[in-house]
Amino acid sequence: MNDLPICATCGVQYGAPRENCPICEDERQYVGWEGQRWTSLNGLRAAGHRLKAAEEGPGVVGIGTDPATAIGQRALLVRTPAGNVLWDMVSHLDDDVIREVRELGGIDAIAVSHPHFYGSMVEWAHAFDAPVHIHAADREWVARPDDSVVFWEGDTCEILDGLTLVNAGVHFAGGQVLHWRDGGDGGGALLSGDILQVVADRRWVSFMYSYPNLIPERPRTVRRALSLLEPYPFERVYGGWWKRVVRTDGTEAVRRSADRYLSFALDDSSPGGSSPDDGGTGGPQVRAQGSPRPAAGRARPAE
């Protein structure tokens with residue numbers, strides 16, 4: 001445990017003291033209304049924050065901070081015969097949760113969906129001697145460079161047997177989701193963070209470039225994500241917060257959610273008319289067709 005600075009707004013730990021948080025200064029996030037504020041692992045512990053673990057689904061244990069900090073997301077420990085993966089990240093880490101996770105089999109690999117959730121990922125990597133898999137397109141946002149961070153390139157990367165990262169590219173260019181082939185009681189599971197945001201009506205997901213600033217994602221980016229997910233069926237979708245889970249028919253939930261999103265995003269025509277975006281058909285063309293299978297990625301250590 002140490003006093004390296006953690007941004008109080010996004011919860012990301014930096015490798016050295018600094019005045020600003022570039023992640024929060026980006027248009028997808030925001031600097032806290034009271035200005036830039038910092039804490040640390042020691043500060044979180046002194047303020048009474050603790051970590052809690054609870055089952056979120058078959059073979060999936062949620063890990064979150066209580067009381068919640070920063071954005072408030074929880075991580076997910078995926079337990080499989082091939083090994084355990086920690087998906088997404090929190091800012092805090094304490095001895096109790098280290099002991100509890102070790103009793104559950106430890107962590108063989110870590111993967112984080114996007115920069116807003118990087119949290120204290122290097123601390124967790126060191127505690128469990130596990131690599132952190134980040135898409136190379138988000139290399140510039142890694143706030144604490146470390147040998148434990150492994151960058152991969154391409155559309156997909158299998159990090160353990162049956163556990164595949166997909167560069168959906170929503171929200172951030174390197175935005176990734178984790179497909180678990182044997183999850184969802186054998187029907188497959190998709191761990192999406194807020195790359196595909198499980199919304200309050202948990203039959204649906206949505207897609208945004210910025211959630212706090214309500215900037216919608218580009219239709220072409222959403223179409224690309226759908227195309228890359230086509231080879232990967234899934235029954236469940238695990239979002240980034242406690243109980244934000246699509247529990248049945250996840251593949252269809254994502255498809256119909258994309259259809260709905262794109263129908264609103266592209267509907268700039270008069271009733272019954274057509275627009276340049278719909279190819280003159282009178283309505284938006286929302287399904288990606290004829291796309292090639294995604295290219296496998298290559299992993300390499302952080303420089």
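**Helix packing, salt bridges and backbone geometry in the predicted model**

The axes of α3 and α4 approach to within 11 Å and cross at roughly 55 degrees, which makes α3 oblique to α4. The residues that make this contact are Val97, Ile98, Val101 and Arg102 on the α3 side and Trp124, Ala127 and Phe128 on the α4 side. The crossing of α3 and α4 is right-handed. The structure described here is a predicted model. Its pLDDT averages 91 over the chain, and 88% of the residues score at least 70. Over residues 273–294, in contrast, the pLDDT is below 50. Beyond near neighbours in sequence, the 273–294 stretch has 38 contacts in the model.

Helix α5 (residues 219–229) was examined for burial. Its buried residues are Thr221, Val222, Ala225, Leu226, Ser227, Leu228 and Leu229. The elements that cover these buried residues include the strands β11, β12 and β13 (189–193). Helix α6 is also among the elements covering the buried residues of α5.

The salt-bridge count for the model is 11. One of these pairs joins arginine 144 to glutamate 123, with the closest N and O atoms 2.7 Å apart. Arginine 144 is located in the loop between β8 (132–135) and β9 (149–153), whereas glutamate 123 belongs to helix α4 (residues 121–128), so the salt bridge ties together parts separated by 21 residues in sequence. Arginine 144 and glutamate 123 are both buried. Helix α4 therefore holds one partner of this salt bridge, glutamate 123, and also supplies Trp124, Ala127 and Phe128 to the contact with α3.

A second pair consists of arginine 203 and aspartate 201, for which the closest N and O atoms are 2.7 Å apart. With a relative accessibility of 52%, arginine 203 counts as exposed. Aspartate 201 counts as partly exposed, at 34% relative accessibility.

A further salt bridge is formed by the side chains of arginine 255 and glutamate 252, at 3.9 Å from N to O. The cut-off for a salt bridge is 4 Å, so the pair at 3.9 Å is counted. Both residues lie in helix α6 (residues 250–265), three residues apart, which is about one turn of the helix. In general, an α-helix has 3.6 residues a turn, so residues three or four places apart point the same way. Arginine 255 is partly exposed at 35% relative accessibility, and glutamate 252 is partly exposed as well, with a relative accessible area of 30%. Elsewhere in the chain, Asp161, Arg181 and Asp182 are linked in a network of salt bridges.

The backbone was also examined for cis peptide bonds and positive phi values. Aspartate 66 and proline 67 are joined by a cis peptide bond, with omega at about -5 degrees. Proline 67 is placed in the loop between β4 (60–66) and β5 (75–80). Both residues of this cis peptide bond, aspartate 66 and proline 67, are in contact with histidine 49.

Histidine 49 is itself in a loop, between α2 (41–46) and β3 (50–57), and at 13% relative accessibility counts as buried. When neighbours within four places in sequence are left aside, the contacts of histidine 49 are Leu44, Thr65, Asp66, Pro67, Ala68, Thr69 and His92. For alanine 68, the C-alpha to C-alpha distance from histidine 49 is 7.8 Å, with the two positions 19 residues apart in sequence numbering.

Positive phi values occur at aspartate 88 and histidine 171, neither of which is a glycine. Phi of aspartate 88 is near 65 degrees. Aspartate 88 is found in the loop between β6 (83–87) and α3 (95–103), and is buried, with a relative accessible area of 1%. For histidine 171, phi is about 80 degrees. Histidine 171 has its place in the loop between β11 (163–166) and β12 (177–180), and at 1% relative accessibility it counts as buried. The strands β11 and β12 on either side of that loop are among the elements that cover the buried residues of α5.

Methods: Residues numbered from 1 in each chain as written. Heavy atoms only, no water. Helix = DSSP H or I, 4+ residues; strand = E, 2+ residues; numbered from the N terminus. Buried < 20%, exposed > 50% of the residue type's maximum accessible area, 1.4 Å probe, protein only. Contact = heavy atoms within 4.5 Å. pLDDT = per-residue confidence, 0-100. Axes fitted to C-alpha atoms, helices over the stretch in contact; angles between N-to-C directions. Parallel < 35°, antiparallel > 145°, perpendicular 65-115°, else oblique. Left-handed = near helix turned anticlockwise from the far one by under 90°.
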